[in-house]
Structure formats: structure tokens, C-alpha cells
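User: I am new to this structure and should like to understand the terms applied to it. Please explain how each description is reached.

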Amino acid sequence: MEIVVSQIMKAVRFHEFGGPEVLRYDEAPRPALRAGEVLVRVHAIGLNPPDWYLREGYKMLPREWQPKVSFPVVPGTDISGVVHAIAEDVGTFSMGDEVYSMVRFPSGLAGESRGYAEYVSVPASELARKPSGIDHVSAAAAPMSLLTAWQFLIELGHNEPNPLQPNRHEPVPLAGKTVMVNGAAGGVGHLAVQLAKWKGAHVTAVASGKNETLLRDLGADEIIDYGKQAPEGVVRDLDLVIDAVGGPETERFLRTLKRGGSLFPIFPLGFAGADEAAARGMTVSTTQVRSNGAQLEQIGRLLDDGTIRTVIDSTYPLAEARQAHERAAKGHIQGKIVLTVE
């Protein structure tokens, strides 16, 4: 069954790979609603690194890993909005429900998520009710970053093969443990700090010194200003390091771990310390975040009662997506950047 909705909507698209300048505020066909899906009228869209990876053509990946993309592309995965239409076989949502989602990830990483738009079709299994205690901007800031932190630290929530390593990622117990979060003020990092504290860990946050007040407010026990000292030079015997920055420099954190400790790089490409980790009895593990409406429903209770919160770096109208990507390219993001839709 396919219900075709033919109206036109506003969306941000690109017709070639490149920098923020390729993003165009454009007219596009409103998405078709298929079986098992819900059409959402979008109110806010959270930005994430895969948005600019897609815009650039995933140029950081080996050529054989780069997905084939068909232009024009509407980027974006994280949305918060209101249910506008429902397929006949979906009984879990009603018209007018406020909802949020990470749409089709990683299955849509070649451009099928289509979040930078006034309307988005979402598989019902990936959708959750928006926490009533927060607004659409705060909700749109959550899905990818919070699901990443949750699936790394609390519950993986699926049995899909791990595309990044042969074994299944396993979260480790956090109560009473010593945990360090690198990139602690960023999108994933500021939520990892809060989840680790919620689970009873002693948390050291690594970030720019300007973020100290924020990170203490989020629950960090200790702050390391990476501009003044290298964390691997001052910290030892940790149980777990979550490196929300990742990349080739991740292996330096092996020096901060106790024997039997764990290192979780969010972005593992370039890690070259596997032999050293094995020799020292350490676990290095990563995973690919996956859409999961049930987890968003569960996590939503923590957002609703203020146990955890999303921090907003800045907001831009959907028409100014280019400027939002330019802000992202400058780095030093405090929390999340969000697009708003009138």
C-alpha cells in the first residue's frame, strides 16, 4: 500500500557535494507515506556530523565504503514535530501527537533520512512521543547524540552485526566506576557525562576551559582543560574512557586506563592501538548508532523529568541551514545546533 501525497514543501537540498555553500533552501515534493510510516510536520531539526559527512560525499571514508548518493539530496536525521498523517497499518500514534525521531539511520545515510524539510516520513518503529516537559528545539537536539551515548553506555538495544568490529559492543557497569569523557561539551559528550553520572560514575570531563561551568552544572566531578594540559599526562587508572572526538589520537587514552579498563571511541577510524590494548588487557569497543523508537520513548522520561537535558549551542531558521553548517565548521560547539521550522 502506498498513499501518495503530492503537495510541495520547503526543504534544504544540495545538488552536488561540497561545503556549506551547496545547501539550497528549495521547493521539494512532500514525501509519500508508505505502509508502516507516519508523516510528521517538522518543527525543529538537530544537526549532526553525518549531515556534513553526507554533504561532503563521505570523503573521509575509503572509496569502497562511500555510499552511492542520488541528487538532489535532503540531509538530516533528527527531527521533532507533530503527526500529520498515518498509514492505515500504524496504530501506535494519533493525529496531532508531538513526536521526535532519528530517521532511518544508518539505513538512510546515503540521503534517505531527509530531515531538513517541513515534512518527513518516518517508520513508526523509529518514532517516539516527544517528552512533554521540553520544547521541539530541545527534543530535536537529542536523538542521534543521545541514542549514541545510550547505546554505547547503557543498552545497545539491537542484534545487528557490528560494521566496525567483529564482536558485539557491550556497555560496561558504571556504578562506582571512574569515567572520563573526551569532547565532553559536544553533542554526544555532554549527554555521556549526564548518563554516566545518572548511573553512579565519578566523571572527569575533558573540554575547553570555557565550558567548565556548564559541565559542572551537568554533573562532572572534575574538569580537564585540554588547552592547558593533556589528559593522558595527568590521569591514570580509569575504568572507562568515552572519546566523543575519536580518530587517530584515541589511542593516547590507553595510558589513562587501568589494566582491564575500557576505551569507547565514538569515531573509531584511524585507531591504531589494538595491539597495545590487548597487551595491557584493555577493551576497545565501538558501535554504529541505530534508530530506535522504543529507546527514545524510554530515554524521553529522563528528558521529561530533567534528569538529563540537551544543551543548545545555537538555532537557525531552516532557510539558514548554510549558516548553521558554517557554525558547525568553526568547531567548539557547546551542545547542539538546531534548525527551526515555522
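Analyst: Strand 16 (residues 312-317) and strand 17 (residues 336-340) run parallel, and five bridges connect them. The model is a predicted one.

User: What makes strand 16 and strand 17 a pair?

Analyst: Two strands pair when at least two bridges are found between them. Strand 16 and strand 17 have five bridges, so they count as a pair by that definition. Within this pairing, isoleucine 312 stands opposite lysine 336 of strand 17. Helix 9 (residues 321-330) joins with strand 16 and strand 17 in a right-handed β-α-β unit.

User: Why is the crossover called right-handed?

Analyst: The term applies because, with the strands pointing away from the viewer, the path from the first strand over the helix to the second runs clockwise. The unit made of strand 16, helix 9 and strand 17 is right-handed.

User: Which strands are the edge strands of the open sheet, and what makes them so?

Analyst: The open sheet has six strands in the order 12-11-10-13-14-15, with parallel pairing. Its edge strands are strand 12 (222-225) and strand 15 (283-284), as each pairs on one side only.

User: How do you know that strand 13 pairs with strand 10 and with strand 14?

Analyst: The cut-off is at least two bridges. Strand 10 (residues 178-182) and strand 13 are parallel and share four bridges; there, valine 179 has leucine 240 of strand 13 as its bridge partner. Strand 13 (residues 238-243) and strand 14 (residues 257-265) are parallel and share five bridges. In that second pairing, valine 241 stands opposite leucine 263, and aspartate 243 has proline 265 as its bridge partner. Both pairings therefore satisfy the definition.

User: Why is strand 13 described as largely enclosed?

Analyst: Six of its six residues are buried, so strand 13 is largely enclosed by the rest of the structure.

User: Why is the pair of phenylalanine 14 and phenylalanine 71 called edge-to-face?

Analyst: A search of the whole structure finds six aromatic pairs. In the pair of phenylalanine 14 and phenylalanine 71, the ring centres are 6.2 Å apart and the planes meet at 70°. Centres within 6.5 Å make a pair and planes over 60 degrees apart make it edge-to-face, so both conditions are met. Phenylalanine 14 lies in the loop between strand 2 (8-13) and strand 3 (24-29), whereas phenylalanine 71 lies in the loop between helix 1 (49-55) and strand 6 (78-86), 57 residues apart.

User: Is phenylalanine 14 buried or exposed, and what is phenylalanine 71 called?

Analyst: Buried means under 20% relative accessible area, exposed means over 50%, and partly exposed is in between. Phenylalanine 14 has 0% and therefore counts as buried. Phenylalanine 71 has 39%, so it counts as partly exposed.

User: How are the rings of phenylalanine 17 and phenylalanine 71 arranged?

Analyst: Their centres are 5.0 Å apart and their planes stand at 65°, so this pair is edge-to-face. Phenylalanine 17 is in the loop between strand 2 and strand 3, and phenylalanine 71 is in the loop between helix 1 and strand 6, so the contact ties together parts 54 residues apart in sequence. Phenylalanine 17 is partly exposed, as its relative accessible area is 36%. Phe14, Phe17 and Phe71 form one aromatic cluster.

User: What sits over the ring of tyrosine 119?

Analyst: The charged end of arginine 30 sits over this ring, 3.9 Å from its centre. The charged end of arginine 41 also sits over the ring, at 5.5 Å from the centre. Both distances fall within 6 Å, the limit for a charge over a ring.

User: Where does glycine 108 lie, and is it buried or exposed?

Analyst: Glycine 108 lies in the loop between strand 7 (98-102) and strand 8. Its relative accessibility is 4%, so it counts as buried. The largest cavity, with a volume of about 70 Å³, is lined by 14 residues, and glycine 108 is among those nearest its centre.

User: Which strand gives the most to the lining of the second largest pocket?

Analyst: Strand 8 (residues 119-123) gives the most, with three residues. The pocket holds about 320 Å³ of space and is lined by 23 residues; among those nearest its centre are Pro31 and Arg34.

Methods
Residues numbered from 1 in each chain as written. Predicted model: local features only at pLDDT ≥ 70, side-chain atom pairs only at ≥ 80, totals over all residues. Heavy atoms only, no water. Phe/Tyr/Trp six-rings, centres within 6.5 Å; stacked < 30°, edge-to-face > 60°. Helix = DSSP H or I, 4+ residues; strand = E, 2+ residues; numbered from the N terminus. Buried < 20%, exposed > 50% of the residue type's maximum accessible area, 1.4 Å probe, protein only. Lys NZ or Arg CZ within 6 Å of the ring centre and 35° of its normal. 1 Å grid on protein atoms, 1.4 Å probe; cavity = no way out; pocket = protein on both sides within 12 Å on 5 of 7 lines; lining within 4 Å. Points joined across faces, edges and corners; volume = space filled by probe spheres on them.
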